[in-house]
Amino acid sequence: MAQVPQTFFDALAVRTWCGLALTALGRAREEIDAINVYPVADGDTGTNLYLTMESAVAAVEAAFEGHEVGPGGPGGSGGAGKPSPADAARAMAHGALIGARGNSGTILAQLLRGMAQVLAADSDTAHTDGAGLRLAFRHAADSARQAVAHPVEGTVLSVASAAADAAETTDGGCGAVARAAYEGAREALAATPAQLAVLERAGVVDAGGRGLVAVLGALVETFTGEAPGAVPGRLPRVGHEGSGTSHARVDTGAGTAAPGGVSSPAHGDPRTGSLPLGAGEAAFDSGPAARTDALAAAATGPGDVDECADSPLEQDGPAFEVIYLLEAEDDAVDRLRTRLDGLGDSLVVVGGDGLWNVHVHVDDAGAAVEAGVEAGRPYRIRITHFGLGDVHTRGGERPPRERVQRAVVAVVPGEGLAGLYSEAGATTVLARPGEPPASGEMVEAVRRAHAREVVLLPNDADLRHTAAAAAEQARAEGIRVALIPTRSAVQGIAALAVHEPERRFDEDVVSMTSAAGATRYAEVALAERQSWTMAGICQAGDVLGLIEGDVSVIGSDVTAAAETVLDRMLSAGGELVTLVLGDEAPESIADHLEARVREGHLGVDTVVYRGGRQGALLLIGVE
């Protein structure tokens, strides 16, 4: 059935466009995945574009539903039962931003955001006509290019710029402008192999650009009621010089809707090509033979390094894709861009107004996440491993030894506790005073454990983000990892005490988590400087008793402060007290505290460990 055309870029046009674009990307998903060879030949560009647009559609639909049932219905800013054009455009941009997947999906989100900024601009002149659409195309193309750290021609950026250029030279309403932009984008797409050698060798056009052409085709259908014809994109067979080898041609128009809105059948479920967070499986999935040919051509062409020195192929590039949403100020994001640019490539940072979507390819995924932590609050962290199998064991090396089924990896604050944990079978990461471990150290410990399943104990509240990044990187390598958010080494001891490798993984994790959560923790330490605390003002050198991370006691004597802390903890009950002594704790403190427990708390046992140089004078746990 032909689409009823829209005249202006109002809220209904935004809704229609998003829905048609999602349908178009769903039809073309498998084809786009098959021609994905740049910047990494991981065969998921079509899926990522689809999921990004799906998030935009959901946000727009939510905006309409809110106006249909909310106070902004009849007589509201958007008219009876619908949002304003500005609200619909903002919803589209926000949905794409929070749901962006992959390099191309992140750039698409910025393109939609750039258009929305024009359509939703506060101005006396409405930007919902052809002139406004021309401005929107230009702003979208420019903002997307600015979001990419090192723009490369022959990519979706070139296609977007060509669309904006064509739109600027066209008069008329939204339909005429949209069609001109589409035609300009289609011509630019056909030229991408001449701009990027990796595409020419593979005999394909740019996958991200192909997706954008589909989105622009949906815009033409929105304003004219007619879907553009199939994109003529069959490239001539391309062979390596002197090799006599040729590669399958790829039709970049297959599956596009024909005039009148009749489409070819969809190729399966558009969502099945996406990997969930930390799935740790290879990003390739079975697909057309064209994918195999395209990837082979991209990987084996002569002169790969010379011809694409600034954009290496996946074999020579970083091992991980890292994506996360980030709440941060503009200045912090500027510093983040600089930091991430030094860690890897394919850096794209999109968004604004305090919310950003960060995408980068790196070898050290943990460092990329830690950079986000320094800039603001990262969340929805997704880490994908590009390689097939374990990147650290491939390349002709001898097969690795058989993995054990399960292991525990724990961060410990001192040599003494490291020995205790090791005796209990855990692989340890030593956290020296003032030197918290990086996520890379935790990942190396997970690899060293050489297990199919790993339970990770950070044993420090401040390491939760670092441990989460390490867990995701390990999952991306195919290891099943459960992170138990232990906040102290004494909670880790409680968890390790109930660990049973013979149980089912989920049952073991639940039991260990329960034991850790049932352990209250405290520490006695020396104040390093004057500070305001929950218990008042402390001076440098004062003895501090901290319960569950909050200062509850300020004193001058270590043993007296420890007594007060222990009494307060046991006032709520307890069955077992764990004391971990640091090197600088008084010699008699353990005997003194054990005697106090025996005298004042019948039925409570005490166990004492030597922690070595652990930072705190004393760690206390009460189970």
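**Exercise 1. Place Ala185 in the structure: which helix holds Ala185, and is Ala185 buried or exposed?**

Solution.
- Ala185 lies in helix H7, residues 174–195. Helices here are DSSP runs of H or I with at least four residues, strands are runs of E with at least two, and both are numbered from the N terminus.
- This is a predicted model, in which local features need pLDDT of at least 70, side-chain atom pairs count only at pLDDT 80 or more, and totals for chains, interfaces and linings use all residues. Residues are numbered from 1 along each chain as its sequence is written, and side-chain values use heavy atoms, with hydrogens and water left out.
- Ala185 counts as buried because its relative accessibility is 0%. Buried means under 20% relative accessible area, exposed over 50%, and partly exposed in between (1.4 Å probe, protein chains only).
- Now list the contacts, meaning heavy atoms within 4.5 Å. Leaving aside residues up to four places away in sequence, Ala185 touches Val159, Ala163, Val213 and Leu216.
- Compare sequence and space for one pair. Ala185 and Ala167 are 18 residues apart in sequence, and their C-alpha atoms are 9.9 Å apart.

**Exercise 2. Check helix H4: what span should its 18 residues have, and how many of them are buried?**

Solution.
- H4 covers residues 102–119. The expected span is 1.5 Å times one less than the number of residues.
- For H4 this gives 26 Å, and the end C-alpha atoms are 26 Å apart, so the two agree.
- Of its 18 residues, 17 are buried, so H4 is largely enclosed by the rest of the structure.

**Exercise 3. Find the two faces of helix H12: which residues are buried, and which exposed residues lie on the face turned away?**

Solution.
- H12 runs over residues 330–341 and has 12 residues. From first C-alpha to last it reaches 17 Å, close to the expected 16 Å.
- Its buried residues are Ala332, Val333, Leu336 and Leu340.
- These fall within an arc of 95° seen down the axis, so they line one face of H12. The arc is that of the directions from the helix axis to the C-beta atoms.
- Recall the geometry. An α-helix has 3.6 residues a turn, so residues three or four places apart point the same way.
- The face turned away from the buried side carries the exposed residues Asp331, Arg335 and Thr338.
- What do the buried residues of H12 pack against? Their partners are strands E1 (320–327), E2 (344–352) and E3 (355–362), and helix H13 (365–375).

**Exercise 4. Draw the open sheet of 4 strands: what is the strand order, and which strands are at the edges?**

Solution.
- The order is E6-E5-E7-E8, with parallel pairing. Two strands pair if DSSP finds at least two bridges between them.
- E6 (427–430) and E8 (480–483) are the edge strands, as each pairs on one side only.
- Neighbouring strands are turned by 20° against each other on average, direction ignored.
- Zoom in on one pair. E5 (residues 404–412) and E6 run parallel, joined by 4 bridges. Val411 stands opposite Val429 in E6.
- Add helix H15 (residues 439–449), which packs on the sheet and touches E5, E6 and E7 (451–457). The direction of H15 makes about 160° with that of E6. Axes are lines fitted to C-alpha atoms, for helices over the stretch in contact, and angles run from 0 to 180 degrees between N-to-C directions.

**Exercise 5. Contrast this with strand E9: in which sense does E9 pair with E12?**

Solution.
- E9 and E12 (residues 543–547) pair in the antiparallel sense over 5 bridges. Ala522 stands opposite Ile547 in E12.
- E9 (residues 520–526) also runs antiparallel to E16 (residues 618–622), again with 5 bridges. Here Val524 stands opposite Leu618.
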